[in-house]
Amino acid sequence: MDGLIRNPLGSPSSMRKAYGEALVELGRARQDVVVLSADVQSSDFSYMFEAVYPERFINVGIAEPALVDVAVGLASSGKVPIANTFAFLFATRALEMVRTHLCFGGANVKLAGAYGGLSDSFDGPTHQTISDFAIFRSLPNMTIVVPADPLAVRKLLPQVAAWKGPVYFRLCRNEVPEVFTDAYEPKIGEGVTLIDGDDATVIACGVMVARAIEAARSLSRQDIRLRVVEMHTIKPIDSDFIVRCAQETGALVTVEEHSIIGGLGGAVAECLAQQYPAPLERIGVNDTFAESGPYLDLLDKYGMSVEAIVAAAQRAMARKQASSSHATSEVY
Amino acid sequence: MTSPSANPVLANAVYPYGTRHTDAMVADLSRRAGEYRTHVLRMVYGRKSGHIGGAFSCAEILTALYFHHLRVDPARPDWSDRDRLVFSKGHACAMLYTVLAHRGFFPVDELPTFRGLDSRLQGHPEPQKTPGVEVAAGPLGHGVAIAAGMALAARMDGSKRRIYAILGDGELNSGVIWEGMMTAAKFALDNLTVIVDYNGVQQTGTTRHVMPTEPIADKWSAFNWHVIEIHGHNVGQILDALDRADEVHGRPVVIIARTTKGKGVSFMENSPAWHGGIPDSAQFEAALAELNEGTRAWTV
């Protein structure tokens, strides 16, 4: 499974360019795909689709509720609309449309959330998105998919389009390390073991997968074997997989570019609490708004550095140790 | 042609699209609209829950659409080239359900299950449960933008199918309505007809008092829509306006249908109290008597 990821990780490459190219490819493969944007196609890179398929591209202007509602009308007429705008706008301004017509009404609309996490770093907290997983995860019938690198975008987008029902596809604005080799074959709903190990499991999504891998490689020099799991599907969460990791490694860390409340960490915590309680440390934005600044520096400052992952893994392992020695002392 | 109302077996027969609007046809559809109000009254009274006022105001509009103008097939509710009706004022769905049932989308004897456990007839429309319901509704304001999406899809498909949306006037308060209006005009969606059931009353007062919308025709016109204004309880005017809308090129069409909230029951008319009010037994009997009398007037 080490064969799924590059060693060392590849040089940074644009996720939105990969997304634009993948949209064009999808448009070529599927005549029923229609792409919409709320006048940010130069940001979300759906302009690449517009350039090739202008008759299947709709710009509704700066009107996110209409963006989703127009997509609903297209979906109810048999199209597969892919709506594009900034991630926070789907999760906040257009949320009622998403809830009522996609999740309740069953409209087969795909939402591509551009500029996810802190990736619109210089534009600041108004444009950053740290609550989208939590918001969308609470909606029945919603599926949440988060690609980790450009190749993952290309592999997952056709699955998103083919998925029955609404999907929120969360994207990063920036150049991100190329993580995967061509052997990577993700499937919506299934976690992927990228590095095996039995001291603790790090479950990561999105661009934080690269940092989780770096943390594991760093700890391996101290003979600590971290298992690294990519959870590209936040909902439906692969709970059997999570429980197996808890049973086999006894300590877990979640890593996401999102608030520690209600996202991947929340999903894993709910799963463990009910099925197999085990020490869990959550890495993410610590219930605060961030600020403007360079992307990688922001990730570091707001708790998502490689060092923070390493420290969280060590804490989780220490708690595992403590609880097992506690259990032992109880017996004797 | 012989009026279908002459034969009780054909009481819910359809006057196919293109049928000439004879006086007999207009009278028959008007009579049916009155009769459908009694179903709505029974549904809401039976469940002690629902919205009568806004359902009564769109009775003629829905009847004219489903029994003449819309090309739909109850045997194939998913027929891809059907005309679409987006019922945006979802709270008035008791009338939509009544009309759909009489049109044959599901049995009329299912109407009393309205808003009950395990019913297909939910408190607000749910497309996956109710045959003939195109989209979810209830939260207001969605109709124009969704219908615009449907109209864009029809154009992409090269289909002649037309898209209709019924809005309340209260829901014109909502911003996404105006987003949808701009979108439909931008793409010159002349396969789209919006009908505003302009009854002038919303939940807590008159629209004039709650959020003034006049001059409403000028507003739609300024947004590059073709505007037709009619009396929304006059079936002849509704039928003619729908035909005229089909002939407009290059612009979406809005029919401002001036209606009366609670139409047909004197003590319910023009009263915000009957937006969601539930009649007691005396009010129920009085309302039923008045509606039956109104229906008989069309039968004579």
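## A walk across the A–B interface

Put chains A and B on screen together: about 2,000 Å² is buried between them, and carbon and sulfur atoms give 63% of that area. Keep in mind as you go that this is a predicted model.

**Stop 1: the big contributors.** Select S77(A), H101(A) and F104(A). Of the area that chain A buries against chain B, these three supply 24%, more than any other three residues. Now widen the selection to everything in contact across the two chains, and you should pick up 26 residues from chain A and 24 residues from chain B.

**Stop 2: polar links between the chains.** Show K79(A) and D157(B) as sticks. Their side chains meet in a salt bridge, 2.4 Å from N to O. The count of salt bridges between chain A and chain B is one, so don't spend time hunting for another. For polar contacts, the count between the two chains is seven residue pairs, both partners at pLDDT 80 or more.

Next, color chain A by secondary structure. On the side that touches chain B, β3 (57-59), α4 and α6 (95-104) of chain A each supply at least two residues. Which element gives the most to this side? That is α4(A), with eight residues. By class, the residues on this side of chain A divide into eleven nonpolar, eight polar and seven charged.

**Stop 3: the helix crossing.** Select residues 64-75 of chain A, which is helix α4, and residues 175-186 of chain B, which is helix α6. The two pack at an angle of about 65°, and their axes are 9 Å apart. Is the crossing of α4(A) and α6(B) left-handed or right-handed? Right-handed.

Turn on side chains here. From α4(A) you have E64(A), P65(A), A66(A), D69(A) and V70(A), and they meet V176(B), E179(B), G180(B) and T183(B) in α6(B). Sorted by class, this helix contact has four nonpolar, two polar and three charged residues.

**Stop 4: E64(A) again.** Stay on E64(A), one of the α4(A) residues in that helix contact, and add R93(A). E64(A) forms a salt bridge with R93(A), with the closest N and O atoms 3.5 Å apart. This pair links distant parts of the chain: E64(A) sits in helix α4 of chain A, while R93(A) is in the loop between α5 (87-91) and α6 of chain A, 29 residues apart. Over all chains, the structure holds 33 salt bridges.

**Stop 5: backbone oddities.** Hide the side chains and look at a few spots on the backbone.

- Select N7(A) and P8(A): the peptide bond from N7(A) to P8(A) is cis, with omega near -5°. P8(A) lies in the segment before β1 (12-14) of chain A.
- Jump to E214(B) and P215(B), which are joined by a cis peptide bond with omega about 0°. You will find P215(B) in the loop between α7 (207-210) and α8 (216-222) of chain B.
- Finish on D39(A), in the loop between β2 (33-37) and α2 (41-44) of chain A. D39(A) is not a glycine, yet it has a positive phi of about 60°.

Notes
Residues are numbered from 1 along each chain as its sequence is written. Chains are lettered from A and ligands numbered from 1 in the order in which they are written. This is a predicted model: local features need pLDDT of at least 70, side-chain atom pairs count only at pLDDT 80 or more; totals for chains, interfaces and linings use all residues. Side-chain values use heavy atoms; hydrogens and water are left out. Axes are lines fitted to C-alpha atoms, for helices over the stretch in contact, and angles run from 0 to 180 degrees between N-to-C directions. Helices (H or I, at least four residues) and strands (E, at least two) are DSSP runs, numbered from the N terminus. A crossing is left-handed if the near helix is turned anticlockwise from the far one by less than a right angle, and right-handed if clockwise. Contact means heavy atoms within 4.5 Å. Ala, Val, Leu, Ile, Met, Phe, Trp, Tyr, Cys and Pro count as nonpolar, Asp, Glu, Lys and Arg as charged, and the others, Gly among them, as polar. Buried area is the accessible area (1.4 Å probe) that two parts lose on being put together, summed over both. A salt bridge is a side-chain nitrogen of Lys or Arg within 4 Å of a carboxyl oxygen of Asp or Glu. A polar contact is a pair of N or O atoms within 3.5 Å; within protein, one must be able to donate a hydrogen and the other to accept it, and residues adjacent in sequence count only if both atoms are side-chain atoms.
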